[in-house]
Amino acid sequence: METPGWTVKEEELMQTSWIPFIPESASTVSGKVDALYFYLSGVTVFFTLLISGVLTFFVIKYRRRTPFEIPRPIAGSHKLETIWSVIPFIIAMSMFGWSAQIYFENARSPKNANEIYVVGKQWMWKIQHSTGQREINELHVPIGRKIKLIMTSEDTIHDFFIPAFRIKADVLPGRYTTQWFEATKPGTYHLFCAEYCGMNHSGMIGSVIVMQPTDFDNWLSGNSSQQSPAVAGQQLFQSLGCVSCHGANGEGGRGPELAGLFGRKVFLTNGQTLIADEGYIRESIENPQAKIVNGFNPIMPTFQGQVTPEQLIQIISFIKSLQVSNPQSATTTPAPAAKAEPSTAARPAAPPNSK
Ligand code: CUA
């Protein structure tokens with residue numbers, strides 16, 4: 001967990017920005033969020049001053065001068081009303097368009113991102129890199145690489161918040177949420193839980209340590225005795241007996257083949273289709289009857305309570321690693337337990353229609 005040569009207290013090293021109340025800007029998206037934030041603040045300040053100034057001016061200029069004064073009737077003005085409707089509309093839409101653009105960029109994780117698993121529990125953050133390296137309340141990342149966090153909770157709702165990166169997302173029990181970032185500046189930054197989660201919520205904090213890529217690679221290889229989540233998942237897959245139905249070569253055909261499953265379209269008995277993601281695989285392990293793949297029987301028992309959230313992540317990451325290496329050839333693949341049969345047409349899982 002400790003960085004070699006780490007002597008100064010972390011608080012003293014925490015990066016702060018030169019603007020008061022604004023955290024350091026240290027990711028590719030943080031500058032964009034700040035620009036939007038300053039725009040929103042600027043518009044707000046401008047109109048607050050304008051309206052209060054005009055209000056004060058009118059209050060003085062059109063004040064009642066005699067006790068029985070009756071104001072002159074006003075007929076209204078289409079021109080004025082059009083102006084004060086159209087201008088705010090344009091300003092509001094510019095806020096919407098700009099925010100939506102940043103939101104979509106933030107919400108869609110890039111395909112080539114390095115994946116890091118995050119499990120929240122009362123009251124700590126457990127983090128595991130795809131190489132197996134584990135951390136608690138610390139997250140080491142390199143600059144200049146896209147990092148995708150795949151997050152879940154063991155108990156209540158938490159929220160993973162890195163102010164310097166301007167990213168923040170809820171961490172939910174029974175679901176996977178993701179967020180991504182690319183750090184731009186080496187340093188140590190705050191990590192917060194931003195959702196009240198019980199007594200020690202305020203203590204559910206940590207630090208994000210952004211390193212140069214070479215330093216990061218050294219750090220990552222410095223403690224490589226730990227198993228990668230995919231390898232641990234493969235062992236679970238064996239020990240829980242999953243392999244007897246989802247065998248390496250599709251033995252028995254009792255369960256759908258898993259090689260290449262992740263990210264693929266799945267056809268269900270009820271005619272629906274979905275894309276296999278983390279949430280679907282988790283549900284199929286904990287509540288197998290919820291979605292039955294077309295052509296298969298609902299025979300799989302539930303594994304709810306038998307696997308912890310961390311073990312679920314390991315199994316998911318094992319299934320993700322089962323890629324069909326060459327879909328055009330029918331030879332076996334080198335991947336563990338991978339099944340290379342390329343065509344789904346010969347499988348009972350084939351869709352009844354080409355929807
Ligand atoms: Cu976890 Cu607040």
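Leaving aside its neighbours within four places in sequence, which residues is Phe 160 in contact with? In this predicted model, Phe 160 is in contact with Val 118, Trp 125, Leu 139, Leu 149, Met 151, Ile 167, Lys 168, Ala 169, Val 171, Gln 179, Leu 191 and Phe 192, once those sequence neighbours are set aside.

Phe 160 belongs to the largest nonpolar core, which has 30 residues, and together with Leu 139 and Phe 165 it touches the most other members. Two or more residues of this core come from each of the strands S1 (114-121), S2 (124-129), S4 (138-142), S5 (146-153), S6 (158-162), S7, S9 (187-193) and S10 (205-211). Apart from this core lies another, of 28 residues, including Cys 242, Leu 261, Ala 276 and Tyr 280. In soluble globular proteins, nonpolar side chains tend to be buried together.

Two helices can be set side by side.

| Helix | Residues | Expected span | Distance between end C-alpha atoms |
|---|---|---|---|
| H2 | 32 residues | 46 Å | 46 Å |
| H3 | 30 residues | 44 Å | 42 Å |

For H2, the distance between the end C-alpha atoms agrees with the span expected at 1.5 Å a residue, and for H3 (residues 78-107) the distance likewise agrees with the expected span.

In H2, the buried residues are Ser 30, Asp 34, Leu 36 and Val 43, and the buried residues of this helix pack against H3. In H3, Ile 91, Ala 100, Ile 102 and Asn 106 are buried, and the buried residues of H3 pack against helix H2 (30-61) as well as against strands S7 (167-171) and S8 (177-182). Strand S7 is also one of the elements that give two or more residues to the largest nonpolar core.

Terms used: Residues numbered from 1 in each chain as written. Predicted model: local features only at pLDDT ≥ 70, side-chain atom pairs only at ≥ 80, totals over all residues. Heavy atoms only, no water. Helix = DSSP H or I, 4+ residues; strand = E, 2+ residues; numbered from the N terminus. Expected span 1.5 Å × (residues − 1). Buried < 20%, exposed > 50% of the residue type's maximum accessible area, 1.4 Å probe, protein only. Contact = heavy atoms within 4.5 Å. Core = buried A, V, L, I, M, F, W, Y, C linked by side-chain atoms within 4.5 Å.
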